[in-house]
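The following report describes selected elements of a structure, going from a single residue to a sheet and then to a pair of helices.

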Amino acid sequence: MSQPLPIPPLLASVSDVAAELDSRVDLKSMTREELSAWVREELGESRFRGDQIFQWLHQKRAREVGAMTNLSKKLRTRLEGTARVGGLALEDVKTAADGTRKLLFRTAAGDRLESVLIPMEDRITQCVSSQIGCKIGCRFCLTARMPMRRNLSAAEIVDQVLWAQEVLGTGTDEGERVTNIVYMGMGEPLDNYDNVVKSLRILMDEHGANFSSRRITVSTSGVVPKIARLGHDVPVNLAVSLNASYDAQRTSVIPINKVWDIDQLVAALRAFPLPPRRRITVEYVMLAGVNDTREDARRLVKLLTGVRCKVNLIPFNPWPGAPYARPTNDAVEAFGAVLKDADYTVTIRYSKGEDIGAACGQLDGDQV
Ligand code: SAH
Ligand code: SF4
């Protein structure tokens, strides 16, 4: 597919200012209900019009009001006066040796962010970003090294998926498509709660991309008060980055543990309103010599008693200047064996897309 041309610096700064000053409401950031209410109140149009506009945006992937050809010219002109279609420009697509693709985006104001497409046997999982930067500051994560710029809007989160469908060629008979979405890219999703929940509702809408809640997972570093809220607001899968087996260890790698410690976090997991037959994913980044012993694994087993979960071990993905190293495969296997003996389902996430900086914890908007 054709790529957007790079914007020359002077024009970029002019367009940045224009983007920041554009106070028109963003149609793509609205859920279908919000859009219908807005269309009724602002334009005096029926709910049906709201549905039509929603379909244009989220099924036909219209990027401007002018493309919505079954709306009258008059309505389109009125829409353009009060509303805009938010979203992202796709700047580049990089493909790794193992087939993983990294999509590099640019916001209207010129910030860059990434999304990763990971092919697996019968599915394609997309890892989406929720913020530009992240203020949680985990010591093993490259995203934490870039300045926290801002939350992404719902449109900017949803657009990562719409662009991916475009890149994969949905719409053609043989086209592949995104089958699963994980909120594990740049940013802490529960730190951008409202926009993330909106994006989930939009992506799950039957008049839009129509993703099943079973195929979407939100990962958090442990923003405890928002965990219960999420469970009540949208029935998506939850993943939690536990990454340690006792408090001092966890605080040394994830500073947020000082605010909500392991006990509080695990209590939130026990209370999480899990739909039947679902399990929480406990993520555990393995750092050599820090949290990777059999003793850590035994402590983890104890901690997770009574939590309906499976464990995902993620051997650390190094980046230049990182203060940690990846454990040996033997250490990872031995750790996993302790968990398996205690009847936990364990998966090991050997990294994908490392050669293009697309593996977990390697996303930085291609700035390093
Ligand atoms: N902010 C959320 C989601 C994004 S991070 C969270 O922290 O859960 C997604 C996953 O990648 C988390 O489990 C995180 O612990 C892990 N991760 C971050 N940096 C990593 C690295 N360098 N190597 C391996 N995993 C990493
Ligand atoms: Fe933020 Fe998650 Fe990276 Fe921690 S691991 S800094 S919460 S993106």
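Contact, as the word is used here, means that heavy atoms lie within 4.5 Å. The coordinates come from a predicted model, and the values below should be read with that in mind.

With contact defined in this way, the surroundings of one residue can be set out. Leaving aside its neighbours within four places in sequence, His58 is in contact with Lys28, Val158, Leu162, Ile202, Gly208 and Ala209. His58 itself belongs to helix 3, which covers residues 47-58. Residues under 20% relative accessible area count as buried, and His58 is therefore classed as buried, since its relative accessibility is 3%.

The sheet is considered next. It is an open sheet of 10 strands with mixed pairing, and the strands follow one another in the order 3-4-5-6-9-10-11-12-13-14. Its edges are formed by strand 3 (89-95) and strand 14 (346-348), each of which pairs on one side only. From one strand to the next, the twist averages 20°.

Two of the pairings within this sheet can be described in detail. Strand 9 and strand 10 pair in the parallel sense over three bridges, and within this pairing Val182 stands opposite Thr217 of strand 10. Strand 12 and strand 13 also run parallel and are joined by seven bridges, with Met286 standing opposite Pro315 of strand 13. The table lists the two pairings.

| Strands | Residues | Sense | Bridges |
|---|---|---|---|
| strand 9 and strand 10 | residues 180-183 and residues 216-220 | parallel | three bridges |
| strand 12 and strand 13 | residues 280-286 and residues 309-315 | parallel | seven bridges |

How many of the seven residues of strand 13 are buried? Six of the seven are, so strand 13 is largely enclosed by the rest of the structure.

The last part concerns a pair of helices. The axes of helix 10 (residues 294-303) and helix 11 (residues 329-341) come within 9 Å of each other and cross at roughly 30°. Angles under 35 degrees count as roughly parallel, and helix 10 and helix 11 are therefore described as roughly parallel to each other. The crossing in which helix 10 passes helix 11 is right-handed. On the side of helix 10, the residues that meet helix 11 are Arg294, Asp296, Ala297, Arg298, Leu300 and Val301, and their counterparts in helix 11 are Ala334, Phe335, Val338 and Leu339. By residue class, this contact of helix 10 with helix 11 comprises seven nonpolar residues, no polar residues and three charged residues.

Methods. Residues are numbered from 1 along each chain as its sequence is written. Chains are lettered from A and ligands numbered from 1 in the order in which they are written. This is a predicted model: local features need pLDDT of at least 70, side-chain atom pairs count only at pLDDT 80 or more; totals for chains, interfaces and linings use all residues. Side-chain values use heavy atoms; hydrogens and water are left out. Axes are lines fitted to C-alpha atoms, for helices over the stretch in contact, and angles run from 0 to 180 degrees between N-to-C directions. Helices (H or I, at least four residues) and strands (E, at least two) are DSSP runs, numbered from the N terminus. Angles under 35 degrees count as roughly parallel, over 145 as roughly antiparallel, 65 to 115 as roughly perpendicular and the rest as oblique. A crossing is left-handed if the near helix is turned anticlockwise from the far one by less than a right angle, and right-handed if clockwise. Ala, Val, Leu, Ile, Met, Phe, Trp, Tyr, Cys and Pro count as nonpolar, Asp, Glu, Lys and Arg as charged, and the others, Gly among them, as polar. Buried means under 20% relative accessible area, exposed over 50%, partly exposed in between (1.4 Å probe, protein chains only). Two strands pair if DSSP finds at least two bridges between them.
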